[in-house]
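The exercises below concern empty space and nonpolar packing in one protein model. Each task is followed by a worked solution.

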Amino acid sequence: MPILIAVDHGNYAMKTPIFTFTSGLLELSGKATIHETDIVEHNNRVWALSNERIPYMRDKTQDERFFTLTLFAIAKELERMGAFSPVEEIDLAVGLPPEHYSALRDKFRAYFRRGKVNFTYNDRPISVIIRNVLVFPQAYAAIAPRAQEMVDAPRMFVIDIGGYTTDVLRIRAGQPDLQFCRSLETGVISMYNPIIAQAGAKHDMLIDAEHINAVLQNKRTSLPEDVQASIREAVRNHAHDILHQLRELKVDLRANPVIFIGGGALLLKEYLAASPLVTQAAFELDPRANALGYKLLGIRKLTQAVK
């Protein structure tokens, strides 16, 4: 029986229902002798995972990098399940931002549907046959487990704040309205660089995204209080900027309930929830929510196809 594997191809991170890792790759010049990280060999090329993210790509099918990242995700899931038969048949459940879904769905499906794929993962040979590729809208997938709860809501919004983009989807009576979906380039990565520059100019201090995340997550940090205060103020302004841009799109979160999802939403939660521009907000706390939704929707679709 084929194994269903769900993968969320984020600009900031790759996610499966179990695993999360940075959407970054480093091509090695030859076979790695020391495994400081996971290694995939495919089509005579050797790749390691990297903390340096791939630059934003609206169309992730432009080259082989996101396919290679998907091989890492598949291998991690197969290893977790102990599924290493000579050839494993798999169904792949993936997704696209709602605004890009109609235009890129077929291309995204074809990008992954390659029949038999041979590669090695940490020196272990793997052969998979990618049987079906199921493509779903992001954001809606993340709330699919609670869709029944929203049937009575005439209209609400799902706001997915990711690495590079903020994706907006309208939900009517529990179903996605793909005629109203927007994407703004206001993800958290666009927030980091101004904060890093400000820390250097105002405080003569070199910081990076990990310092900013630590402050937002109330983790232990050695940053002085005035630097932390500057970071929080800049993040508050970024959150308010997102909400004001949403209003320009006629997304009024005072008149409509909203569910915020995505890793960026978790970082900005304190400021989004406290804003006077938001009346009724819920937060999906699991950054793997889209991947979990893809799996749920994939199971439903495959089950319906069998009936």
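**Exercise 1.** How many cavities of 30 Å³ or more does a search of the whole structure find? Describe the lining of the largest cavity.

Solution.
- The model is a predicted one. The search of the whole structure returns one cavity of 30 Å³ or more.
- The volume of the largest cavity is about 40 Å³.
- Its lining is made up of His-9, Arg-58, Lys-60, Gly-95, Leu-96, Pro-97, His-100, Leu-104, Phe-108 and Gln-138.
- Assign these residues to elements: β8 and α2 each supply at least two, and α2 has the largest share, three residues.
- Sort the lining by class: four residues are nonpolar, four polar and two charged.

**Exercise 2.** Characterise the largest pocket by volume, lining and residue class.

Solution.
- The largest pocket holds about 900 Å³ of space.
- Its lining has 43 residues, and those nearest the centre are Tyr-12, Ala-13, Lys-15, Gly-163 and Gly-263.
- Elements that each supply at least two lining residues include β3 (13-15), β11 (156-161) and α7 (263-274). The most come from α7, which gives four residues.
- By class, the lining of the largest pocket has 16 nonpolar, 17 polar and ten charged residues.

**Exercise 3.** Repeat the analysis for the second largest pocket.

Solution.
- About 220 Å³ of space lies in the second largest pocket.
- Eleven residues line the second largest pocket, with Met-1, Pro-2, Asp-91, Arg-131 and Leu-302 closest to its centre.
- Two or more lining residues come from each of β1 and α8. Of these elements, α8 gives the most, with five residues.
- The class division is eight nonpolar, one polar and two charged.

**Exercise 4.** Which residues of the largest nonpolar core touch the most other members? Trace the elements that build this core.

Solution.
- The largest nonpolar core has 38 residues, and Phe-119 and Val-128 touch the most other members.
- At least two core residues come from each of β1 (3-6), β7 (45-49), α1 (65-81), β8 (88-96), α2 (98-112), β9 (115-121) and β10 (124-137). The most are given by α1, with nine residues.
- Now list the contacts of Phe-119, leaving aside neighbours within four places in sequence: Val-40, Glu-41, His-42, Leu-71, Ala-75, Arg-124, Pro-125, Ile-126 and Val-128.
- A second, separate core has 37 residues, among them Leu-223, Leu-246, Ala-265 and Leu-267.
- As background, nonpolar side chains in soluble globular proteins tend to be buried together.

Methods
Residues are numbered from 1 along each chain as its sequence is written. This is a predicted model: local features need pLDDT of at least 70, side-chain atom pairs count only at pLDDT 80 or more; totals for chains, interfaces and linings use all residues. Side-chain values use heavy atoms; hydrogens and water are left out. A nonpolar core is a set of buried Ala, Val, Leu, Ile, Met, Phe, Trp, Tyr and Cys residues joined through side-chain atoms within 4.5 Å. Buried means under 20% relative accessible area, exposed over 50%, partly exposed in between (1.4 Å probe, protein chains only). Contact means heavy atoms within 4.5 Å. On a 1 Å grid over the protein atoms alone, a cavity is a set of points where a 1.4 Å probe fits but cannot get out, and a pocket is an open set with protein on both sides within 12 Å along at least five of seven lines; lining residues have an atom within 4 Å of a point. Grid points are joined across faces, edges and corners, and a volume is the space filled by probe spheres set on the points. Ala, Val, Leu, Ile, Met, Phe, Trp, Tyr, Cys and Pro count as nonpolar, Asp, Glu, Lys and Arg as charged, and the others, Gly among them, as polar.
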